[in-house]
Amino acid sequence: MTVPVIDAPAPAYRKRRRSKAPFVIGGIVLVLAIIATAIALAASGTASAAKEEISIGLVNEPQNLDIRSTAGVALDQILIDNVYQGLVGLKPGTVDQIVPVLAERMPEVSSDGRTYDFALRDGVVFHDGAKLTAQDVVASLTAALTPEVVGGAATVTAPDARSVRVVLAEPNSQLLWLLANRPGLILEAKAKNRLSNSANGTGPFRFEQWKQGDSLTLVRNDDYWGDAASLKTVVFRFIPDGRAAVSALKEGDLDVHAALLPSLRSEFDGNHDFRLERADGTDVFTLAFNSAQPPLNDLRVREALSRAIDTKALIETQHGDGKQIGGPITRLEPGYQDLSAVNAYDPAAARKLLAEAGQQNLSLTLTAPNFYDQSTIDLISTQLADVGVSVKVKRVEFATWLEQVYTNHDYQLSYVDHAEARDFGNYANPGYYFGYDSAKVQQLYAESLRATDPTTAKELLSAAEKQVAADVPAKWLYNYTPTNVISTKVTGFPRANTNSRLNLEGVSIHG
């Protein structure tokens, strides 16, 4: 951001003070000083207005804005907390600290863990001016809390105009977590806007416009029920190319870039206009194996591929942005255990397993979104080649990845960042794109959801994760802790979970 220079004329004014007509010239100087002050105040006002806008670079762009049915964390980063809210949410800067949002306080929960009573906050309005009602909450949660999401039937009612009750057929220890994320977002029941290209929520920012392929703009919600946001305008710019993002930062076109490629960290060595912050989080870069398709339906083949990969070498390429992990649950999530020794790097064992499976000359295709760092994918290919597995890399647009891999399950290997926290339920879902179907895992996960004691729930989750690690539906390469590049003029930018959501309510920009 460029602030106008207003001090340049001062040396000329000082020179004129040495004139032989001090009284007249002094008067001129006084007038000029008043004018200069007025100009400075005007410029100061302009600078202050400019400080109310921030430009944030994102790697990925949403495919559309329908947060109810569209996959991809770009939507969560932009819309959750900022535009859409739930009865509860995550405390800014945390991964799993659940706090009340549209509810006045945390709910009262019955002793059997099946009934949740919420009191609604008063004075909340949607961005189109409609007041939030209990019926809006009932409609939103009834649509979202399906048996597939909560593990059984859920009944949502409004005992009165300011309260909502959720009754579960079976206890679900993850219900508050679900309500703090997509399933808990509250939409206006009678809204007329198209969810695919607009958004109408209750958050501190309103949706303004979306220039597809370029940017999406939010503006401050001046009728917000909470404290007004400091920022008047937020522009998310979609820049998948890492070097283009670096140029935009240095040229002043971006104030923040989320998830700088690790290999580009050195671009900011000695640059005092920006700070680099590693955001702790639950991202896991994952090499998925399509377990529903031969030859990857053979456990020996999946185990061989896992043992062929040296995750420590991969982490070294991340310049500090990665942590070792041996399973799908990170240190920040319930149920974590150190499983790094399970199917660990052992190329000799990998070759033996491939021979046993009759796959000494195996050839596979790896499909990956095209905005990821090529060097990491190359290293994976090299490591697999070392045990006799040739890999053809297929780099595609993210929309294509979503269609081919995520939706149609048309792939063999897939390299992608799983940025969602507490997503272990994917491994208990045989319809998920992994093609992984384990009755034991499904049973353990269901039992962990039904457990009303947190310790028991965690133990069951750990047991399920241990079984998943043994079955190898994927290789969990590393827990990614992305580096955000932030202008030193920006304060309050989130420092955790930034690849999943960017709560900008407390962000400001100065100078």
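Below, a trainee and a mentor discuss Ser414, helix α8 and the sheet around them.

Mentor: This is a predicted model, in which local features need pLDDT of at least 70 and side-chain atom pairs count only at pLDDT 80 or more, while totals for chains, interfaces and linings use all residues. Residues are numbered from 1 along each chain as its sequence is written, and side-chain values use heavy atoms, with hydrogens and water left out.

Trainee: Why is Ser414 called buried?

Mentor: Buried means under 20% relative accessible area (1.4 Å probe, protein chains only), and Ser414 is therefore buried, since its relative accessible area is 0%.

Trainee: What makes the link between the side chains of Ser414 and Trp401 a polar contact?

Mentor: The term requires a pair of N or O atoms within 3.5 Å, and within protein one must be able to donate a hydrogen and the other to accept it, with residues adjacent in sequence counting only if both atoms are side-chain atoms; the pair joining Ser414 and Trp401 lies at 2.9 Å.

Trainee: How do you know that helix α8 is largely enclosed by the rest of the structure?

Mentor: Seven of the nine residues of α8 (residues 299–307) are buried, so the conclusion follows; among them are Val301, Glu303 and Leu305.

Trainee: Why are β14 and β16 said to stand at the edges of the sheet?

Mentor: The open, mixed sheet has the order β14-β18-β13-β17-β15-β16, and β14 and β16 each have a single partner strand, so one side of each is left without a neighbour in the sheet.

Trainee: What makes β14 and β18 a pair?

Mentor: Two strands pair if DSSP finds at least two bridges between them, and β14 and β18 are joined over two bridges in the antiparallel sense.

Methods:
Buried means under 20% relative accessible area, exposed over 50%, partly exposed in between (1.4 Å probe, protein chains only). Helices (H or I, at least four residues) and strands (E, at least two) are DSSP runs, numbered from the N terminus.
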